[in-house]
Amino acid sequence: MKKILIIGNSLSAWSVASAFTNKKVNITIIGNKNNTFGAQQLSPNGFRALKKLIQNDDVKNIVYEIIKFQINSYNNDETRMLKNFYFNEFDLKYFSVSREMLINFLIKNVKNNIQINEINKSCVGIIQREPGKLEVLMDNKELISADIIIGCDGVNGITRKYVCGTTNIVKKQVFRGTSNDRKQLLLKQKTLELSFSNYGHFISYPFFNNNKTCINYVFIPNKLFQNSNKILDKLRNISKFSPIDWNEGHYYFYEDEIQTIHKNNVLLFGDAGFSFEPHLAQVGNNIIEDANYLKFLVENTHSYDEIFENFSRNTFKKKSELKSISNIVGISFGMNSFTKIRDSLVSNFSDKLMSDFLKKVWYD
Ligand SMILES: Cc1cc2nc3c(=O)[nH]c(=O)nc-3n(C[C@H](O)[C@H](O)[C@H](O)COP(=O)(O)OP(=O)(O)OC[C@H]3O[C@@H](n4cnc5c(N)ncnc54)[C@H](O)[C@@H]3O)c2cc1C
């Protein structure tokens, strides 16, 4: 039986483990449990892939349906609505989901189907003693052997370094918060809101947080305010967002073009393999889609070499395209000048164009 080590303990790791639930393999997940925070958007491609990946319909119990996408311009404490787009008018299903609930859901599904070993520790290196025989060096100097390693340890992980060497990684500041303010919940029912401001852009949407409904907020400062020590004060002074307790964080993505995602039976998956700016809310959705594709390959391909080759070849193109689109979208969201032109273009964007754009991002 092949011994597979999955390094990481987050969305990618448990999505990958879900890809092996119909296979006879020995799987070990290595990684510290981290506190996942807030929610993420689940677009039609991600939702469809999730249902196929776990082969059960219970996922509908943890997702919150969003029916409206509202784009605003927010300046000097005044909100101007630029565009409303209704997903159901184009037969599109859009959701949000708590990150913690999503990961717990995947964990439960994996454990209901296969036996899995978990090592709640970090590893520090990968060693190849002979072809096809790998070892992982743990932080306590213990060595764990493996036939296959799947790197789900994120942008800054050790598997990326093993496969690709040094990569240029870009780090950007982001603020996140959640709230269960009743008034805001009433105002924002079933709505995904994007608000442009002089300081950067805000994204908010409701989600189910265990037995409560909460709102997830993300703020990405624009170029002028990235890493400015005044930005938190500015946020606290914006009345619409002032009650939110903002948590500062960072997101990371690769500047370099993707070259390869596998070497010597080590496959990179999720953020460890591809990562781009989060403006299309697609990185996580693509993780679920890719896990579903990996599941198909695992169940229908004989050799792991072939699985890795097919997986890399067939996921590269889409990621490169999404990376470029996300980059352009991010530039337009974070504009400091010509904002009137941007706002006017957004206001005049037809529903049909919007739907065609979203379908291109989700399905092409
Ligand atoms: C602001 C923002 C908003 C986003 N919104 C959305 C959204 O709405 N929809 C969407 O689909 N996606 C969204 N994303 C993207 C999505 O959140 C990420 O792509 C996803 O969480 C990445 O998961 P991952 O498991 O690949 O990596 P990570 O979440 O980075 O997990 C890596 C794991 O590896 C572990 N690890 C690291 N090093 C080691 C080691 N040496 N040994 C053992 N374990 C190790 C870590 O502890 C962690 O558990 C957003 C991202 C950002 C930044």
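## Ligand contacts

A nitrogen atom of the ligand sits 3.0 Å from a polar backbone atom of glycine 284. The protein covers 84% of the 1000 Å² of accessible area that the ligand has on its own. These values, like the others in this report, come from a predicted model. Two further polar atoms approach oxygen atoms of the ligand. A backbone N or O atom of asparagine 9 lies 3.3 Å from one ligand oxygen, and an N or O atom in the side chain of serine 10 is 3.3 Å from an oxygen atom of the ligand.

## The shell around the ligand

The ligand is surrounded by 31 residues, and the closest are Ser12, Gln41, Arg99, Cys123 and Asn285. Sorted by class, the shell consists of 12 nonpolar, 14 polar and five charged residues. H7 supplies the largest share of this shell, with four residues.

Helix H1 spans residues 11–18 and has eight residues, eight of which are buried, so the helix is largely enclosed by the rest of the structure. The buried residues of H1 are Leu11, Ser12, Ala13, Trp14, Ser15, Val16, Ala17 and Ser18. Ser12 is also listed among the closest residues to the ligand.

## Salt bridges

Side chains of opposite charge can pair when their charged atoms come close. In this model the count is 19 salt bridges.

Lysine 319 and aspartate 290 form one of them, with their closest N and O atoms 2.9 Å apart. This pair links distant parts of the chain: lysine 319 belongs to helix H8 (residues 304–333) and aspartate 290 to helix H7, with their positions 29 residues apart in sequence. Both lysine 319 and aspartate 290 are buried.

Lysine 133 and aspartate 147 form another salt bridge, and here the closest N and O atoms are 2.9 Å apart. Lysine 133 is in strand S10 (residues 133–138), whereas aspartate 147 is in the loop between strand S11 (143–146) and strand S12 (148–151); the two are 14 residues apart and link distant parts of the chain. Lysine 133 counts as partly exposed because its relative accessibility is 42%, while aspartate 147 counts as buried because its value is 12%.

Lys51, Asp57 and Lys60 are linked in a network of salt bridges. Within this network, lysine 60 pairs with aspartate 57, the closest N and O atoms being 3.6 Å apart. Aspartate 57 has 41% relative accessibility and therefore counts as partly exposed.

## Loop residues

Glutamine 55 is not a glycine, yet its phi is positive, at about 50°. Glutamine 55 is placed in the loop between helix H2 (44–54) and strand S4 (63–66). With 53% relative accessibility, glutamine 55 counts as exposed, because the cut-off is over 50%. Aspartate 91 also has a positive phi, near 60°, in a residue other than glycine. Aspartate 91 is in the loop between strand S6 (78–86) and strand S7 (94–98), and its relative accessibility of 74% makes it count as exposed.

Threonine 167 is found in the loop between helix H4 (158–164) and S13. Threonine 167 has a relative accessible area of 13% and is therefore buried, the limit being under 20%. The side chain of threonine 167 makes a polar contact of 3.4 Å with the side chain of arginine 160.

## Helix H9

Isoleucine 341 is in helix H9, which covers residues 339–348. Together with Phe338 and Leu345, Ile341 forms a nonpolar patch on the surface, and the three residues have about 360 Å² of accessible area together.

Valine 346 is found in helix H9 as well. Valine 346 counts as buried because its relative accessibility is 15%. The C-alpha atoms of valine 346 and leucine 82 are 6.5 Å apart in space, although 264 residues separate the two in sequence.

Note on methods:
Residues numbered from 1 in each chain as written. Predicted model: local features only at pLDDT ≥ 70, side-chain atom pairs only at ≥ 80, totals over all residues. Heavy atoms only, no water. Near = heavy atom within 4 Å. Polar contact = N/O pair within 3.5 Å; in protein donor to acceptor, adjacent residues only side chain to side chain. Areas by Shrake-Rupley, 256 points an atom, 1.4 Å probe, with all protein chains shown as cover. Nonpolar A, V, L, I, M, F, W, Y, C, P; charged D, E, K, R; others polar. Patch = residues over 30% accessible without salt bridge, like charges linked within 9 Å, V, L, I, M, F, W, Y side chains within 5 Å. Salt bridge = Lys/Arg side-chain N within 4 Å of Asp/Glu carboxyl O. Buried < 20%, exposed > 50% of the residue type's maximum accessible area, 1.4 Å probe, protein only.
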